[in-house]
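Me: I would like to go through the strand pairing and the nonpolar core of this protein chain, one question at a time. Please keep to what can be read from the model.

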Amino acid sequence: MSGRTRVAPRRPTYAPKTAPAAVAPEKRKPVFTKVDRLQPGTSGHNLIAKVVNSKDVPTNARANRSFSSKTMLSRPVARIAECLIGDETGSIVFTARNEQVDIMKPGATVILRNAKIDMFKGTMRLAVDKWGRVELEDTEAAGSFEVKEDNNLSLVEYELVNVTEE
């Protein structure tokens with residue numbers, strides 16, 4: 001090997017890929033609805049409502065837990081409260097869970113985002129699950145309405161009817 005120099009083989013160089021400019025989708029303004037427009041089996045509702053009253057539902061600790069002793073010690077008991085909320089068009093029962101119970105105090109004005117209608121014993125209940133949000137509305141303009149309690153949608157009983165076409 002006289003006169004020859006050994007050169008390391010060239011490694012290909014890769015340029016970093018530049019992603020096309022990510023265009024964020026344009027956010028839509030939320031469309032708020034009124035309580036009297038709620039229908040059974042619907043979801044995705046945004047509401048501004050006032051809390052009329054709130055009462056805690058006693059939960060049986062054994063009913064919320066499984067039979068395994070390990071999970072009985074690690075899982076907290078769920079807190080549930082039934083709250084009557086409404087606006088100037090009507091009222092409905094809202095089922096508050098865990099952290100939502102602290103927000104739902106009588107007289108508070110709340111914003112419910114992505115709420116859904118659950119059916120319980122044939123009546124409508126409003127609920128917000130993990131995909132929604134419950135917020136306190138602190139502006140003075142939001143609390144300027146009186147709740148129409150005589151139009152309680154949770155007192156209307158519905159029945160599921162199967163329709164067959166002949």
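Me: Which residue in β5 is the bridge partner of Met119?

Reply: This is a predicted model, in which local features need pLDDT of at least 70, side-chain atom pairs count only at pLDDT 80 or more, and totals for chains, interfaces and linings use all residues. Residues are numbered from 1 along each chain as its sequence is written, and side-chain values use heavy atoms, with hydrogens and water left out. Strands are DSSP runs (E, at least two residues) and helices likewise (H or I, at least four), numbered from the N terminus, and two strands pair if DSSP finds at least two bridges between them. β4 and β5 pair in the antiparallel sense over five bridges, and the β5 partner of Met119 is Met124.

Me: Which residue in the hairpin of β4 and β5 takes a positive phi?

Reply: Two residues lie between the strands of this hairpin. The positive phi, near 55°, belongs to Lys121.

Me: Which residue in β6 stands opposite Ile111?

Reply: β4 is also joined to β6 (residues 133–136), through four bridges and in an antiparallel run. Within β6, the residue opposite Ile111 is Glu135.

Me: Which residue in β4 is the bridge partner of Ala49?

Reply: β1 and β4 are paired in the antiparallel sense over six bridges, and His45 has Ala115 of β4 as its bridge partner. For Ala49, the partner in β4 is Val110.

Me: Which residue in β2 stands opposite Val51?

Reply: The antiparallel pairing of β1 and β2 extends over seven bridges. Opposite Val51, the residue in β2 is Ile85.

Me: Which strand gives the largest share of the largest nonpolar core?

Reply: A nonpolar core is a set of buried Ala, Val, Leu, Ile, Met, Phe, Trp, Tyr and Cys residues joined through side-chain atoms within 4.5 Å, where buried means under 20% relative accessible area, exposed over 50% and partly exposed in between, with a 1.4 Å probe and protein chains only. The largest core has 22 residues, of which Ile85, Ile92, Phe94, Met104, Leu112 and Leu126 touch the most other members. At least two residues each come from β1 (43–57), β2 (80–87), β3 (90–97), β4 (109–120) and β5 (123–127), and the largest share, four residues, comes from β4.

Me: What percentage of the 166 residues in the protein chain is buried?

Reply: The protein chain has two helices and six strands, which follow the pattern β-α-β-β-α-β-β-β along the sequence. Among its 166 residues, the buried share is 29%.
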